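Me: I am new to this structure and would be grateful for a guided reading in questions and answers. Please show it first.

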Amino acid sequence: MSGMSDPFSFNAGAVESSYVGNLGEAFRRYGEQDEEVLLISPDLGAGPVTGAFVQQFPERFIDAGIAECNAMSLAAGLATYGYKVFVLQMGAFGALKCAEQIRTDIAFAQVPVRILSAWSGLAMGFFGTTHHALEDIAITRAIPGLTVLAPADDNAASAMLAASEQVGGPVFIRLTDASINPVYDEPPEVTIGRFGLVREGRDGTIIGTGLGAQLAAGAADLLAKEGLSIRVLDAYSLKPLDEAAVVAAARETRAILTVEEHLVTGGLGSAIGEVLARNALAIRFAIHGLPDETLTTGMPDELYVRYGLTIEETAVRMRALVEAR
Amino acid sequence: MNESASEYLQRLRPVSAPYLSERSRQLRLEILDVISHAPMGHYSSCLSCAEILVTLYHHVLRLRRGEPDWPDRDRFLLGKGHVAVALWPLFAELNFFPHTWLETFGKLDSRLTDHPDMHRAPGVDFSSGSLGHNLSVGLGMAMAARRRGKDHRIHVLLGDGELHEGQVWEAVMAAYHYRADNLVAIVDANGSCADGPTESVMSIEPLVERFGSFGWRCVEVDGHDPGALMAAFAEAMTPDHRPFCIVARTLKGKGISFMEASPREWHLGALSGEDLERARREIRESA
């Protein structure tokens, strides 16, 4: 068997994939409870996120073939008949390739389509820069009428399935593939428009999204051993954003660091910076993410180290920010 | 709601071809009038599909007058969204909204936009404006209708230049794959794009063979002959397991000599004064 691998094992075991566990089963259960749930995917349905659903409900899966844009518009048409339509997309070929279909056919139309954007960030870092999905937060949060969620881990992703239904309209769900330091032991309570308070603290605040929330929690634990009390906010709701939590963090702690597996241009950091500026809050502030350049390629864990998306580097940056004069 | 406001209009309701021709001539005049309220309009593209739209809304589609959201209506999607102004008089006639709305076309905050907006204008089954999307959306509707056990038929009007969009062919491929026999595509093959003749901008012919090779049933008709269009729509309803395409050969700017002579120049324009009078006169005298 030395030459074979599961066609959807994009991490090849280098970073423990979270999808095989809870989310795939959660999606199957979600579909089992509600026969209005349909899935469309461009040749990705059999993978770990939706494979269990597809196996149990093959008649509720519509394979669009390798035609991502068609899949998005098709989903919009199906949703006009009231179906709860999910589109499973590969991160790099979802928001980027289909930005206009998402805006025009899904967001402007306000149809109940939920986009599961899997293999986000550097999850497919080995395969080439074509497969890096690092611009999708910037793209989706610029689209009016689209809710943008980014669960921190597998349990959070499972919680997003039901939570996203409350929205009623279109939702983009950015799934992280990394399981470096899961934040939640079980599916958390999710309120659209709020951040999760993962750690209370008074010296500084780390706001992370997706993998960033995992790193933030780990960094806060490291810094606690050094006597620093760091608040950790899980920015799972990127749009709408929890403006009140950001304002409170700016008023109650001395510094804010944002962490994301996304380019530093246009993502979480930019969004938090907008909140600070809008509220005229002067505070030490830094954005930790991926540089605005074409990145190198490698397995995700190697890339995380190369670009400092680690618990240790996050802690170093937070400490530097808190201690800056 | 009074009785006439909710009148049921059956599919393939009996009308004569000469009636549809006359209604198309009237529609051309209405298009000129409605555009005259705005700074500009897509004249020649509207004029090429007048008979297609009139045949759909006066003969083919199952509708309820005054009930644009009636759940069991047949659907119509305007892939070539830039001719929405040709729909507005037909929708007003169907009591989807008051005739007075026509005077707001092109004005700030008007519900009648240059490209159709489903949230603004009653009767628009899906928004359009970005070419190449609506056949995909229509296919989604066709699949959803079938899944719901509904006999709805979904019609999508495409421009021939719109066929340059790759997504159209993704949808064409998928419609056959899923045997969407409740889906009808109509190509307004007026042979003209913004940069010149469609074939010189980017070859799309032979259209009938191309749709056929993707598994569709496809017929070619004179798009200004309502009788031929009626026959094609009737054929589209004969039992089969394939989607149906009608390639309607049309003339861009049909009915106004100076637009027929320069269809590109009148793709987008503003008629006024003597030109507008001449255009009206030509259409009136073609009766």
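Me: In which loop is B:Pro206 placed?
Reply: The peptide bond from B:Glu205 to B:Pro206 is cis, with omega near 0°. Helices and strands here are DSSP runs numbered from the N terminus, helices being H or I runs of at least four residues and strands E runs of at least two. In these terms, B:Pro206 has its place in the loop between helix H7 (198-201) and helix H8 (207-213) of chain B.

Me: How should the model and its numbering be read?
Reply: This is a predicted model, in which local features need pLDDT of at least 70 and side-chain atom pairs count only at pLDDT 80 or more, while totals for chains, interfaces and linings use all residues. Residues are numbered from 1 along each chain as its sequence is written, and chains are lettered from A and ligands numbered from 1 in the order in which they are written.

Me: What is omega near for the peptide bond from A:Lys239 to A:Pro240?
Reply: A:Pro240 is found in the loop between strand S10 (237-239) and helix H9 (243-252) of chain A. The bond that leads from A:Lys239 into A:Pro240 is cis, and its omega is near 5°.

Me: Is B:Asp109 buried or exposed?
Reply: B:Asp109 is found in the loop between helix H4 (84-93) and H5 of chain B, and it has a positive phi of about 70° although it is not a glycine. A residue is buried if 20 or more other C-beta atoms, placed from the backbone, lie within 10 Å of its own, exposed if 12 or fewer, and partly exposed in between. Because B:Asp109 has 6 other C-beta atoms within 10 Å, it is exposed.

Me: How does B:Arg179 count in terms of exposure?
Reply: B:Arg179 lies in the loop between H6 and strand S5 (183-189) of chain B. Its phi is positive, about 50°, although it is not a glycine. Because there are 15 C-beta neighbours inside 10 Å, B:Arg179 counts as partly exposed.

Me: How far apart in space are B:Ser262 and B:Gly223?
Reply: B:Ser262 is placed in the loop between helix H10 (257-261) and helix H11 (273-285) of chain B. It has 15 C-beta neighbours inside 10 Å and therefore counts as partly exposed. In sequence B:Ser262 and B:Gly223 are 39 residues apart, and in space their C-alpha to C-alpha distance is 19 Å.

Me: How many residues of helix H3 of chain B are buried?
Reply: Helix H3 covers residues 50-60 of chain B and is mostly covered. Among its buried residues are B:Glu51, B:Tyr57, B:His58 and B:His59. The number of buried residues in H3 is 11 of 11.

Me: What radius of gyration does chain B have?
Reply: Chain B has 11 helices and 9 strands, and its C-alpha atoms fill a box of roughly 55 × 50 × 35 Å along the principal axes. The radius of gyration is taken over C-alpha atoms, and the globule rule is 2.2 Å times the number of residues to the power 0.38. Because a compact globule of 287 residues would have a value near 19 Å, chain B agrees with the rule at 18 Å.

Me: Which helix gives the most to the side of chain B that touches chain A?
Reply: Two residues are in contact if their C-beta atoms, placed from the backbone, lie within 7 Å. By that rule, 19 residues of chain B are in contact with 21 residues of chain A. The elements that give two or more residues to this side of chain B are helix H5 (134-147) and helix H6 (166-177). The one that gives the most, with 9 residues, is H5(B).

Me: How far apart do the C-alpha centres of the two domains of chain A lie?
Reply: Chain A is divided into domain 1 (19-174) and domain 2 (196-323), with bounds that come from an automatic or database domain assignment. In contact across the two are 24 residues of domain 1 and 27 residues of domain 2. The C-alpha centres of these domains lie apart by 26 Å.

Me: Which residues touch the most other members of the largest nonpolar core?
Reply: A nonpolar core is a set of buried Ala, Val, Leu, Ile, Met, Phe, Trp, Tyr and Cys residues joined through C-beta atoms within 7 Å. The residues that touch the most other members, of the 192 in the largest core, are A:Ala75 and A:Val87.
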